[in-house]
Amino acid sequence: MRFVKDQVDLNPIVDTVFAVVAKAKEAKEELGDDQVADATIGSLYDENGKIVAFDSVFNTLKELPNEVMAAYAGSFTGNPNYREYVYQWVVGDRSKLAHSVIATPGGTGAVSITISEMLDEGETVILPEICWGSYNLMATMDNLKTRSYSLFEGDKFNINSFKQVCEEVMAQQKKVVVVLNDPCHNPTGYSLSEEEWDAVIAVLNELGKQGPVVLLNDIAYIDFAYRGKAARDYIRKFDNISENVFVIIAFSISKSLTSYGMRCGAAILLAQKQESVREVEIVFEKAARATWSNVNNAAMENFVTVITKKQDAYETEKDTYVKLLKERSEILTKEADACGLAYYPYKEGFFVTLKVEDNALRDRFHEAMMKEHIYTVKVNKGIRVAVCSLPVKKCYGLAKRMKQILDSVSA
């Protein structure tokens, strides 16, 4: 007798990230921190191994009145001032498209609500071949199928694969919902060029001649792009979408404000016609009310206060850690280049991913590294190295050690 719905995957969830994190923690307790390279943690950590929590964010939070922290939000769509300032923070004057903003619990909420509400059961969502694993889990829980496009052709975005997979799905179901995690792709650290974005939008517009097209642009790590505010300039390209293309930007305050556990984000809705935006907005409003009911009021009010009154302090703190990320990633990639350790094209962000296209070899490599007390995370066709949490001193020499281990398991 089954008590849950019939059309559901009953295989237990296997969170490989937290399992490896636990092994790394055990090794550090047994051997001492200096003997372990822990590149598993996907949050920003300082050089002393402590999670980064910006003073500009959390000192501001502590100053909020208790009643603000205790209260429900002003609306299940999010506080009006929050929605306004999220739009200004992310988009600003870069677009003239019709728009709206729905508050969500983290960027995850924005991704989840899009996957859930833009497709019917049995339809197909298109994902990057190398991606955050929860995309696939969300699709499974909503009884959706998935198709994947190859992310790279050489050291560039694989626009040909993107186009081919989208065309095939459009031919099958007369609708396309496709995910593009950019900039600072998780887990490769790739960011599309403006020319690549032009090509993507050209593909979407051509598809739109056959049916509705939804682009889900996951920007979780955008505030840690090495280009600063210039990393948002590609958003101007969205003004070139046709009336049959809809863009949803998934924004994460959890990442931008180093407040991972507070779970606050937003879905930013963009389209040529206001009536198109309103249609999606109505559905998202209902889904928000039915799913999480209310987003953390303190987190929303804190975001507004930080960016209106403490922005200079916030930017100073953030820039310090962006420079640290860049230093760590440059050490790892330069030493990888020197010893011939292959990695996917990296430009900016929290992660560098080693290129291991044979998943069986990847598994052996991963196990062998753990025996040498190097802890990383497996992804499809690769190994994710979290430079966001790896101190500079542990970046030195790491690529050479990993290359030697890879060679030993490849023989």
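**Salt bridges, backbone geometry, strands and cores**

R278 is partly exposed, with a relative accessibility of 36%. The model in which this value was computed is a predicted one. R278 forms a salt bridge with E281, and the closest N and O atoms of this pair are 2.8 Å apart. Both residues belong to helix α10 (residues 274-291), where they are three residues apart and therefore separated by about one helical turn. E281 has a relative accessible area of 11% and is buried. The cut-off for the buried class is under 20% relative accessible area, while partly exposed residues fall between that value and 50%; R278 at 36% is therefore placed in the partly exposed class, and E281 at 11% in the buried class. The pair is part of a network in which R83, R278, E281 and E285 are joined through salt bridges that share partners.

In total, the structure contains 24 salt bridges. Among them is the bridge between D223 and R232, with 2.8 Å between the closest N and O atoms. Both D223 and R232 are buried. Another is formed by D233 and R236, whose closest N and O atoms lie 3.1 Å apart. In this pair, D233 is partly exposed at a relative accessible area of 24%, and R236 is likewise partly exposed, at 43%. The D223-R232 bridge thus joins two buried residues, whereas the D233-R236 bridge joins two partly exposed ones.

Two cis peptide bonds are described here. One joins D182 and P183, with omega at about 0°. P183 is located in the loop between β7 (176-181) and α8 (194-207). The other joins N186 and P187, with omega at about 20°. P187 also lies in the loop between β7 and α8.

Positive phi values occur at N143 and T258, neither of which is a glycine. For N143, phi is near 55°. This residue is found in the loop between α6 (134-141) and β4 (145-149), and N143 counts as buried at 18% relative accessibility. For T258, phi is about 50°. The loop that holds T258 runs between α9 (253-256) and β10 (265-271). T258 is buried as well, with a relative accessible area of 3%.

Strand β10 also takes part in strand pairing: β2 and β10 are paired in the antiparallel sense over seven bridges. Within this pairing, H99 has L270 in β10 as its bridge partner. Strand β2 covers residues 98-104, and six of its seven residues are buried, so this strand is largely enclosed by the rest of the structure.

An open sheet is formed by three strands in the order β11-β14-β13, with antiparallel pairing. The edge positions are taken by β11 (351-355) and β13 (377-379); each has a single partner strand, so one side of each lacks a neighbour in the sheet. From one strand to the next, the twist averages 35°. The pairing between β13 and strand β14 (residues 382-386) is antiparallel and comprises three bridges. The bridge partner of V379 in β14 is G382.

In soluble globular proteins, nonpolar side chains tend to be buried together. In this model, the largest nonpolar core has 142 residues, and those with the most contacts inside it are Y82, F162, F238, I249, F303, F365 and M402. Helix α12 (residues 311-339) gives the most to this core, contributing eight residues. The surroundings of Y82 were examined with its neighbours within four places in sequence set aside; the residues then in contact with Y82 are A103, I253, C264, G265, A266, M300, F303 and V304. A second core, separate from the largest, has six residues, including A24, A27, M370 and Y375. F303 is thus both one of the residues with the most contacts inside the largest core and one of the contacts of Y82.

Note on methods: Residues numbered from 1 in each chain as written. Predicted model: local features only at pLDDT ≥ 70, side-chain atom pairs only at ≥ 80, totals over all residues. Heavy atoms only, no water. Helix = DSSP H or I, 4+ residues; strand = E, 2+ residues; numbered from the N terminus. Buried < 20%, exposed > 50% of the residue type's maximum accessible area, 1.4 Å probe, protein only. Salt bridge = Lys/Arg side-chain N within 4 Å of Asp/Glu carboxyl O. Pairing = 2+ DSSP bridges. Axes fitted to C-alpha atoms, helices over the stretch in contact; angles between N-to-C directions. Core = buried A, V, L, I, M, F, W, Y, C linked by side-chain atoms within 4.5 Å. Contact = heavy atoms within 4.5 Å.
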